[in-house]
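Biologist: Could you take one part of this model and go through it closely, with the surroundings that give it context? I would like a connected account rather than a list.

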Amino acid sequence: MRLKIFLDESLLVIAFMTPLISMLTISLAEPLITIFLPKYVESLRYIDKLSIAYYFLSLGAMLGTFLIAVNQQGKILVLNLIFIPFILLLNFAVFKNGFDLLGIAYVTFVNFFLRTFILFVLSYVNYSKIFPSVISFVKFSLPSLPILMVFALKFVRVDAYLRFYLRILIAFVWFGVSIYYLSRKTQIVSSMMSIVKEKAWVYLEKARDIF
């Protein structure tokens, strides 16, 4: 049961913190590439999709670590043996049908999403039935919605600077919400915050003694 608690809390931290990285990446990519690498502006079409794919990749990495910890690495091996030819065939089909790198970006997203979904079910089936495991996966997918919000702003006709500031605002609001939620729902973050507060108080005491 302790392993399940560890898995739940680890996935929660990843699920709430990874979107912040993706949102900041999307926010900064547009102005930086436009100003310093104008020849690669086309790459902005892929960053959004790959940022969402990165969210599921991060969850999948944690789930893979969990399966290894409970000595079920055979499941990962079988899954990889199935997915490697599947993705190769999918990429080949995309290439043969004349899609560009955007098609590859979508294939990458499908790869990470499906693989993470299966890893999630394989991990949680140790503690519950398949249907509740699927529902849990849906819940853990919801924190990726802020990434979609930041991504969707490119379809809104506003000044590029305003779009940048809106994206940064969403990212920092999400960060605040995440810290508040995780500090209440997980022992990992609450313990870390207690340690930070304790250390900060010690340093403040030392600074006060100096002055």
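Modeller: I will begin with serine 123 and work outwards. Leaving aside its neighbours within four places in sequence, serine 123 is in contact with Leu7, Leu63, Phe66 and Leu67. This is a predicted model, and what follows should be read with that in mind. Serine 123 belongs to helix α4, and its relative accessibility of 0% falls under the 20% limit, so that it counts as buried. The C-alpha atom of serine 123 lies 8.5 Å from that of glycine 64, although 59 residues separate the two along the chain.

Leu67, one of the residues in contact with serine 123, also appears among the contacts of glutamine 72, which, once neighbours within four places in sequence are set aside, touches Leu67, Leu122 and Asn126. Glutamine 72 sits in the loop that joins α2, residues 44-69, to α3, residues 73-96. Despite that position in a loop, glutamine 72 has a relative accessible area of 17%, and because this is under 20% the residue is classed as buried. With asparagine 126 the interaction is a polar contact from side chain to side chain, at 2.9 Å.

Asparagine 71 lies in the loop between α2 and α3 as well, but at 59% relative accessibility it is over the 50% limit and therefore counts as exposed. The backbone of asparagine 71 also deserves attention, since its phi is positive, at about 60 degrees, although the residue is not a glycine. Most residues other than glycine have a negative phi.

The loop leads into α3, and here the packing against helix α4, residues 101-124, comes into view: the two axes come within 10 Å and cross at roughly 160 degrees. Because that angle is over 145 degrees, α3 and α4 are roughly antiparallel to each other, and their crossing is right-handed. On the α3 side the meeting residues are Lys75, Ile76, Leu79, Asn80, Phe83, Phe86, Ile87, Leu90, Asn91 and Val94, while α4 contributes Gly103, Ile104, Val107, Val110, Asn111, Leu114, Arg115, Ile118, Leu119 and Leu122. Sorted by class, this contact of α3 with α4 holds 14 nonpolar, four polar and two charged residues. Leu122, listed here on the α4 side, is also in contact with glutamine 72.

On the other side of the loop, α2 has a contact of its own with helix α5, residues 130-141, where the axes come within 12 Å and cross at roughly 130 degrees. An angle of that size lies between 115 and 145 degrees, so α2 and α5 are oblique to each other, and α2 passes α5 in a right-handed crossing. Tyr55, Phe56 and Leu59 of α2 meet Phe137, Phe140 and Ser141 of α5, a set that divides into five nonpolar residues, one polar and no charged.

These elements belong to a protein chain with eight helices and zero strands, in the sequence pattern α-α-α-α-α-α-α-α. Of the 211 residues in the protein chain, 35% are buried, serine 123 and glutamine 72 being among them. When contacts between residues at least 6 apart in sequence are considered, 73% join residues at least 24 apart.

Terms used. Residues numbered from 1 in each chain as written. Predicted model: local features only at pLDDT ≥ 70, side-chain atom pairs only at ≥ 80, totals over all residues. Heavy atoms only, no water. Helix = DSSP H or I, 4+ residues; strand = E, 2+ residues; numbered from the N terminus. Buried < 20%, exposed > 50% of the residue type's maximum accessible area, 1.4 Å probe, protein only. Polar contact = N/O pair within 3.5 Å; in protein donor to acceptor, adjacent residues only side chain to side chain. Contact = heavy atoms within 4.5 Å. Axes fitted to C-alpha atoms, helices over the stretch in contact; angles between N-to-C directions. Parallel < 35°, antiparallel > 145°, perpendicular 65-115°, else oblique. Left-handed = near helix turned anticlockwise from the far one by under 90°. Nonpolar A, V, L, I, M, F, W, Y, C, P; charged D, E, K, R; others polar.
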